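Hi,

Here is the model I said I would pass on. Have a look at it first, and my notes follow below.

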There are 6 protein chains.
Amino acid sequence: MSVSKNTARATRVEEYLIKDEPYYEPVGQEIAVFEAAYRQQLPVLLKGPTGCGKTRFMQHMAWRLKRPLITVSCHDDLTATDLVGRYLITANETVWVDGPMARAVRTNAMLYLDEIVEARKDTTVVIHPLADDRRVLPIEKTGELLTAGPEFCLAISYNPGYQSVLKDLKQSTRQRFVAVEFNYPSAALEKKIVRRETGVDEAMAERLVKFAGMTRNLKGSGLDEGASTRLLVHAGKLMAAGIDPRTACRTAIAEALTDDPEMIAAVNELSSSLF
Amino acid sequence: MSVSKNTARATRVEEYLIKDEPYYEPVGQEIAVFEAAYRQQLPVLLKGPTGCGKTRFMQHMAWRLKRPLITVSCHDDLTATDLVGRYLITANETVWVDGPMARAVRTNAMLYLDEIVEARKDTTVVIHPLADDRRVLPIEKTGELLTAGPEFCLAISYNPGYQSVLKDLKQSTRQRFVAVEFNYPSAALEKKIVRRETGVDEAMAERLVKFAGMTRNLKGSGLDEGASTRLLVHAGKLMAAGIDPRTACRTAIAEALTDDPEMIAAVNELSSSLF
Amino acid sequence: MSVSKNTARATRVEEYLIKDEPYYEPVGQEIAVFEAAYRQQLPVLLKGPTGCGKTRFMQHMAWRLKRPLITVSCHDDLTATDLVGRYLITANETVWVDGPMARAVRTNAMLYLDEIVEARKDTTVVIHPLADDRRVLPIEKTGELLTAGPEFCLAISYNPGYQSVLKDLKQSTRQRFVAVEFNYPSAALEKKIVRRETGVDEAMAERLVKFAGMTRNLKGSGLDEGASTRLLVHAGKLMAAGIDPRTACRTAIAEALTDDPEMIAAVNELSSSLF
Amino acid sequence: MSVSKNTARATRVEEYLIKDEPYYEPVGQEIAVFEAAYRQQLPVLLKGPTGCGKTRFMQHMAWRLKRPLITVSCHDDLTATDLVGRYLITANETVWVDGPMARAVRTNAMLYLDEIVEARKDTTVVIHPLADDRRVLPIEKTGELLTAGPEFCLAISYNPGYQSVLKDLKQSTRQRFVAVEFNYPSAALEKKIVRRETGVDEAMAERLVKFAGMTRNLKGSGLDEGASTRLLVHAGKLMAAGIDPRTACRTAIAEALTDDPEMIAAVNELSSSLF
Amino acid sequence: MSVSKNTARATRVEEYLIKDEPYYEPVGQEIAVFEAAYRQQLPVLLKGPTGCGKTRFMQHMAWRLKRPLITVSCHDDLTATDLVGRYLITANETVWVDGPMARAVRTNAMLYLDEIVEARKDTTVVIHPLADDRRVLPIEKTGELLTAGPEFCLAISYNPGYQSVLKDLKQSTRQRFVAVEFNYPSAALEKKIVRRETGVDEAMAERLVKFAGMTRNLKGSGLDEGASTRLLVHAGKLMAAGIDPRTACRTAIAEALTDDPEMIAAVNELSSSLF
Amino acid sequence: MSVSKNTARATRVEEYLIKDEPYYEPVGQEIAVFEAAYRQQLPVLLKGPTGCGKTRFMQHMAWRLKRPLITVSCHDDLTATDLVGRYLITANETVWVDGPMARAVRTNAMLYLDEIVEARKDTTVVIHPLADDRRVLPIEKTGELLTAGPEFCLAISYNPGYQSVLKDLKQSTRQRFVAVEFNYPSAALEKKIVRRETGVDEAMAERLVKFAGMTRNLKGSGLDEGASTRLLVHAGKLMAAGIDPRTACRTAIAEALTDDPEMIAAVNELSSSLF
């Protein structure tokens with residue numbers, strides 16, 4: 001059991017600053033739109049499938065705009081209290097501890113709520129006053145009303161491919177955001193990314209990208225999603241570590257995409273035709 | 001981790017006072033009705049779609065009536081305790097901390113419960129004694145019975161377009177309120193608002209308002225809601241920051257309204273015909 | 001944040017005494033029945049639609065019988081603990097704090113549980129030993145067994161028009177009560193009430209009562225309920241503050257009754273024919 | 001707010017002793033069976049409709065067997081912890097506080113769990129080791145294993161008329177009990193009870209019993225249950241306080257039985273034919 | 001309110017030792033199989049209907065193997081924390097308190113989880129590391145990893161007759177156990193048990209066993225289960241206390257088995273033909 | 001009640017080191033793939049039925065890579081807090097206690113989340129930042145951002161045979177992992193395992209493996225799963241302890257697989273044909 005004293009510390013904002021430029025290949029005007037929204041103090045919503053670079057884009061923008069990046073992965077059990085903050089009892093006094101949202105407002109950080117539609121409704125609502133032109137965060141438990149500075153920036157993301165009626169963003173939430181759509185990069189761009197991230201040669205990168213395209217065509221015909229760029233990188237990395245291409249594609253791509261024995265066989269067959 | 005001592009402080013009501021007149025263009029008799037209800041000590045219910053100015057109206061009325069404005073965004077996990085207040089343990093004593101509702105009554109503030117139908121039933125019921133001619137707030141946990149002064153004012157809002165049977169206001173709640181309906185402003189008024197808020201020229205503002213009207217006609221034919229005035233302001237602000245009109249409309253309006261690829265294409269086509 | 005010390009205080013029963021006679025117009029034998037039940041130590045159940053005077057009747061009876069009136073608005077999240085009481089930790093000792101039910105028994109008050117069917121089942125059950133001839137309140141957490149004095153009085157209310165199978169009172173609960181039904185007053189009586197509460201003249205009061213009758217006829221044909229006496233009072237008060245009758249009826253009555261655009265139009269048309 | 005110190009006190013068992021013989025008219029062998037089960041240390045289950053005397057019977061048996069009677073009204077939110085006991089933090093130490101079940105075992109009391117089927121499943125299961133020949137109560141939180149003395153007695157009750165599949169007692173629970181069925185008393189006996197409890201004369205008692213029989217025939221044809229003996233007593237008491245018989249029957253019986261306007265009219269008509 | 005200090009005590013394992021041989025009549029190889037599983041450190045699952053001796057068997061095996069027996073009746077609200085242990089705050093320090101599972105591992109006891117399918121899923125999963133060849137109990141809250149000694153023994157039970165799809169044991173749980181099935185004893189054996197436990201004569205015991213057989217034939221034709229051996233013992237004990245056989249069978253067997261009036265009548269008729 | 005002081009201790013990582021080589025027979029390239037993923041810092045997902053060696057494989061890899069192995073059995077009630085850590089109040093200070101996930105990151109351990117699909121969604125999401133190339137664990141409650149060293153390794157497992165739509169891994173989770181499928185070993189290999197683990201002779205091991213194959217053919221025709229290798233080991237161990245083969249197969253295999261009387265009979269018949 002590791003134990004650390006709960007002493008008052010200054011917010012360690014430097015921990016959240018990204019020092020080196022994260023590698024990111026733009027696919028459209030997403031960087032310009034994000035910067036315009038940032039200058040106009042409008043919050044941004046990123047939409048797109050898993051593994052196509054939303055998280056990397058946020059790291060890149062945080063580096064580019066020199067803002068600390070505070071990321072929260074949303075889920076069913078994340079409460080407004082978890083986001084805003086809570087009282088904590090210590091031996092000598094009761095202290096208030098900021099959650100990531102209050103911390104981000106106080107430090108003029110970039111706050112990124114990943115997979116927002118997975119959050120409970122109270123999480124979604126708690127961002128409303130921060131996400132319109134009031135740009136305030138009322139902390140009901142302390143009676144404070146934090147006002148966000150011009151450098152504070154709010155971004156949220158989700159994958160519209162998964163949404164059900166139950167897990168849709170309310171209009172009163174989504175109409176507060178400028179929305180940027182993400183998708184898989186072009187073949188040429190994706191090949192470049194795979195080579196740079198894994199070190200495989202051009203021919204292998206090309207075959208991986210071709211293979212990805214085949215699986216993406218199966219979306220809706222047995223697969224929930226096709227292979228993302230991330231999966232190609234995984235396969236490339238396994239090959240770089242000495243695993244043969246077919247085994248790499250089976251474990252990093254086919255088995256990662258689905259549990260359905262017939263679909264796994266189909267994807268493996270596609271892989272056999274290429275590697 | 002930022003930490004602040006939990007020492008007794010006077011209610012910082014001045015934080016909630018709105019110093020400068022918030023820009024608001026009346027569309028009907030809403031200001032007169034609100035003032036009459038306020039003078040007669042009747043609570044007010046604002047109905048209308050998202051982004052059509054309900055929050056701005058409340059800020060305007062709070063400024064006009066010189067009342068501090070305490071806003072609560074309602075949601076599923078907001079409890080009566082969150083609203084009324086709770087006991088908090090400190091090292092030396094247990095202190096009672098008012099929630100926004102008790103704080104509003106004690107400071108003769110304007111209490112605004114946004115999206116009331118999202119609240120849990122106990123939140124809805126806890127306002128009953130404040131919302132009829134008793135105008136009291138019983139605090140069961142302390143045994144106190146707060147009586148609201150004549151300047152205290154209660155307002156709630158919701159969007160009737162979203163209501164399902166499950167999320168309807170009970171008759172015993174709604175029959176306690178004077179109800180004012182909000183809607184999109186007239187084209188002329190909306191153009192004026194867009195110009196003032198974004199700085200785009202008259203021709204562009206006119207095209208944006210025309211575009212908004214087209215999307216509002218799609219409500220119920222694929223869109224849950226049309227573009228609100230707020231979305232027009234977003235698009236105008238992106239243009240003011242150098243983004244071309246089509247990209248601005250796509251990211252600030254089309255993608256913000258829906259995730260359906262066909263509807264996005266349809267809305268983008270409307271935009272292409274205008275910009 | 002307003003903060004108050006949690007020191008032991010005597011129950012402030014005088015706060016709950018009603019000093020001035022609340023205006024109440026009897027519509028039947030409800031006062032005699034209530035007094036008989038009170039003398040025989042039988043609990044009372046009030047049934048009737050919202051806004052027809054149940055709460056006012058309780059205030060009147062509390063004044064008449066010179067009992068402090070402790071009212072609890074029931075809801076889904078009200079626990080037996082909220083009603084009976086709880087332990088509270090302070091710096092020097094753990095103290096027991098009575099909830100409204102224990103407080104009412106100890107002070108021989110009139111305990112009124114409003115909208116009892118909205119309560120959780122445990123709230124309903126916790127009143128059983130108080131509501132039969134045992135007239136005791138066992139406080140399981142302290143091991144105390146409070147015996148109600150002859151002046152203690154229990155009343156509950158609900159609106160039978162809303163009940164679904166899920167929200168029905170159990171026979172084992174309802175068969176413990178003497179049940180009094182409430183309804184809208186006669187036209188003559190209602191006119192008298194509206195005049196006295198709002199100050200509008202006789203002609204206007206008559207038209208308001210006529211209008212109310214029209215909306216009550218729409219109950220079940222598009223409206224969940226017709227306009228209650230309370231809504232007429234609201235409209236009258238808006239008129240008294242200078243709002244024209246049609247706007248007063250639209251905001252205080254039509255929009256308060258329903259969100260359905262067609263029903264609102266229909267009710268407004270009825271109003272146009274009268275005002 | 002009334003406040004009492006949480007100091008260690010001896011269990012005040014005498015509070016739960018019933019000093020005067022509670023009036024009870026036996027309808028069958030229930031007294032003999034209960035006494036036999038008590039002598040053989042078998043737990044007892046009472047079945048029957050509301051208001052037919054189960055609670056009074058328990059009070060009578062507790063008086064007869066000279067045991068303190070600890071009654072718990074079961075409900076959805078009653079936890080095993082509520083029944084068994086919990087730790088309580090005070091300023092100087094953490095103390096264990098017995099719940100009613102542990103208190104009953106330690107004081108050799110009669111423990112009566114009313115409406116057991118309303119309890120959560122954990123409440124039902126927690127009685128198993130007490131309800132078979134082990135007769136022990138393991139207190140998991142303290143590691144104690146309480147053994148019940150020969151004078152401890154466990155009884156539970158429910159109304160089989162209400163049971164749904166969801167709210168049935170599990171076979172592993174019910175097969176631990178000797179089960180005694182209760183029902184309405186014979187007309188002669190019921191007349192005797194009504195007279196003794198209300199003071200109405202023989203003719204009126206006879207008419208009330210006749211009226212009760214009529215409503216019992218409506219069970220299943222619009223009424224969930226007929227009028228219990230308790231309701232007759234209520235009506236008689238209202239008459240004794242000066243309310244005319246028809247009003248007494250309407251408020252104490254018809255309105256207490258149902259909210260259905262047609263059924264109320266039907267029951268009132270029956271009443272008019274008799275009174 | 002009985003109160004006891006929360007001071008550190010050695011685990012009182014002797015309380016859980018069974019001193020006298022519990023009466024148990026084996027019906028098959030269950031004793032040999034249990035002993036083999038115990039020697040091979042395999043956990044055991046007991047299956048069978050209520051009242052057929054599973055609990056008595058565990059008491060017998062605990063006595064035979066000289067292990068303390070720690071029994072937990074499982075239910076919906078039993079958490080992993082309840083089983084494993086929790087931190088408890090006292091005035092001077094925070095202490096860790098073992099739950100029954102950690103207590104059993106530390107004292108090399110026999111841990112018996114009764115009606116395991118009633119437990120929440122986390123209870124089921126928390127036994128996995130103890131129930132395979134790792135035989136460890138990780139205590140996540142303290143970081144401890146308890147290793148069970150060779151004398152520790154785990155047994156669970158349930159009634160397969162009740163299982164629904166929702167309340168089935170997962171294969172990953174059940175495939176960790178050696179499973180022993182229990183059923184009603186043979187007529188000769190059951191007669192022997194009834195005589196020994198109640199003192200009724202041979203003829204009466206024979207008639208009771210015959211009666212039980214008749215009810216067991218009704219299983220699935222109106223009865224959920226037939227009369228268990230335990231119910232015969234109850235009836236015998238009531239007779240021994242002077243209750244006539246028919247009343248004893250009605251209250252101890254017929255009414256204990258079902259609430260259905262027709263089934264009760266049918267079972268009573270069977271009883272009339274025998275007694 | 002065993003009680004231990006909550007004093008600060010260094011993380012006892014050595015407890016989680018596996019000293020002796022765990023017996024494991026590879027069935028494919030799983031060891032090479034795991035090692036490549038480990039070197040490339042990619043997390044691994046193990047898929048396969050219960051009892052086929054996933055847990056043993058993890059123990060083997062932990063031994064082979066000389067990493068402490070921290071295993072968490074996932075379930076519905078495991079919270080993100082349980083995994084990451086929590087504040088704990090002591091007499092003198094409030095201390096932070098790492099959960100298994102933070103402990104694993106700090107000690108460069110191998111973290112194994114068994115049956116991940118049983119976990120709540122928040123458990124699944126909390127691993128996202130650790131499972132992609134960020135390899136960080138944000139601890140929202142303390143504001144810390146733990147960065148995993150190159151020796152930290154994350155693995156998860158589940159049984160795809162059980163998955164329902166509700167309990168599927170989200171694509172955004174599964175596309176973060178390299179996935180290795182497990183299955184029953186070949187007959188020759190399984191025979192070798194059974195002999196080594198139980199000590200039964202070759203002929204008996206062969207018959208057990210044959211028997212297992214028969215039950216596996218019944219999967220989907222009445223059995224949810226066939227007998228795993230673990231069940232064969234159980235049966236062999238019972239035989240080694242003197243139980244006859246048919247009883248051993250009935251209790252260790254047939255009754256462990258199913259509660260359906262017909263299926264048990266069918267499996268026992270298969271067993272009779274072999275033993």
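Which residues of strand 8 (residues 144-147) of chain A are on its covered face, and which are on the uncovered one? A:Glu144 and A:Leu146 make up the covered face, while A:Leu145 and A:Thr147 sit on the uncovered face. Bear in mind throughout that this is a predicted model.

Strand 8 of chain A has a partner: strand 7 (residues 136-139) of chain A runs antiparallel to it, and four bridges join the two. A:Thr147, from the uncovered face, has A:Val136 standing opposite it. The two strands form a hairpin with four residues between them, and in that turn A:Gly143 has a positive phi of about 85°.

Now chain A as a whole. Its secondary structure comes to 12 helices and 10 strands, and its C-alpha atoms fill a box of roughly 65 × 45 × 35 Å along the principal axes. Of its 275 residues, 64% count as buried. If you take the contacts in chain A with a separation of 6 or more, 72% of them come from residues 24 or more positions apart.

Chain A is divided into two domains, with domain 1 covering 13-181 and domain 2 covering 187-273. Their C-alpha centres lie 32 Å apart, and the contact between them takes 10 residues from domain 1 and nine residues from domain 2. There is also a UniProt annotation from an unreviewed entry, "domain: CbbQ/NirQ/NorQ C-terminal", which covers residues 190-272 of chain A. Over that stretch the chain is 75% helix and 0% strand, with the end C-alpha atoms 21 Å apart.

On to the rings, which I thought you might like. Over all chains, the structure holds 24 aromatic pairs. In one of them, the rings of D:Tyr24 and D:Phe57 have their centres 5.4 Å apart and their planes at 55°, so this pair counts as tilted. D:Tyr24 lies in the loop between strand 1 (3-5) and helix 1 (30-39) of chain D, and D:Phe57 lies in helix 2 (residues 54-65) of chain D, so the pair ties together parts that are 33 residues apart in sequence. Both D:Tyr24 and D:Phe57 are buried.

Chain E offers an edge-to-face pair: E:Phe34 and E:Phe57 are 5.7 Å centre to centre, with 80° between the planes. Here E:Phe34 belongs to helix 1 (residues 30-39) of chain E and E:Phe57 to helix 2 (residues 54-64) of chain E, so the pair ties together parts that are 23 residues apart in sequence. Both E:Phe34 and E:Phe57 are buried. Back in chain A, ring pairs link A:Tyr24, A:Phe34, A:Phe57 and A:Phe182 into a cluster.

There are charges over rings as well. A:Arg196 lies over the face of A:Tyr23, at 4.0 Å from the ring centre. In chain B, B:Arg196 lies over the face of B:Tyr23, at 4.0 Å from the ring centre.

One last item, also from chain B. How many of the 10 residues of helix 1 (residues 30-39) of chain B are buried? Seven are, so to speak for the record: B:Glu30, B:Ile31, B:Val33, B:Phe34, B:Ala36, B:Ala37 and B:Tyr38. The helix is followed by B:Gln41, whose phi is positive, near 60°.

Cheers

Key:
Residues are numbered from 1 along each chain as its sequence is written. Chains are lettered from A and ligands numbered from 1 in the order in which they are written. This is a predicted model: local features need pLDDT of at least 70, side-chain atom pairs count only at pLDDT 80 or more; totals for chains, interfaces and linings use all residues. Side-chain values use heavy atoms; hydrogens and water are left out. Buried means under 20% relative accessible area, exposed over 50%, partly exposed in between (1.4 Å probe, protein chains only). Two strands pair if DSSP finds at least two bridges between them. UniProt positions are given in the numbering used here, feature names are shortened, and annotations may be inferred rather than shown by experiment. Rings of Phe, Tyr and Trp (its six-membered ring) pair if their centres lie within 6.5 Å; planes under 30 degrees apart count as stacked, over 60 as edge-to-face and the rest as tilted. A charge sits over a ring if NZ of Lys or CZ of Arg is within 6 Å of the ring centre and within 35 degrees of the ring normal. Domain bounds come from an automatic or database domain assignment. Contact means heavy atoms within 4.5 Å.
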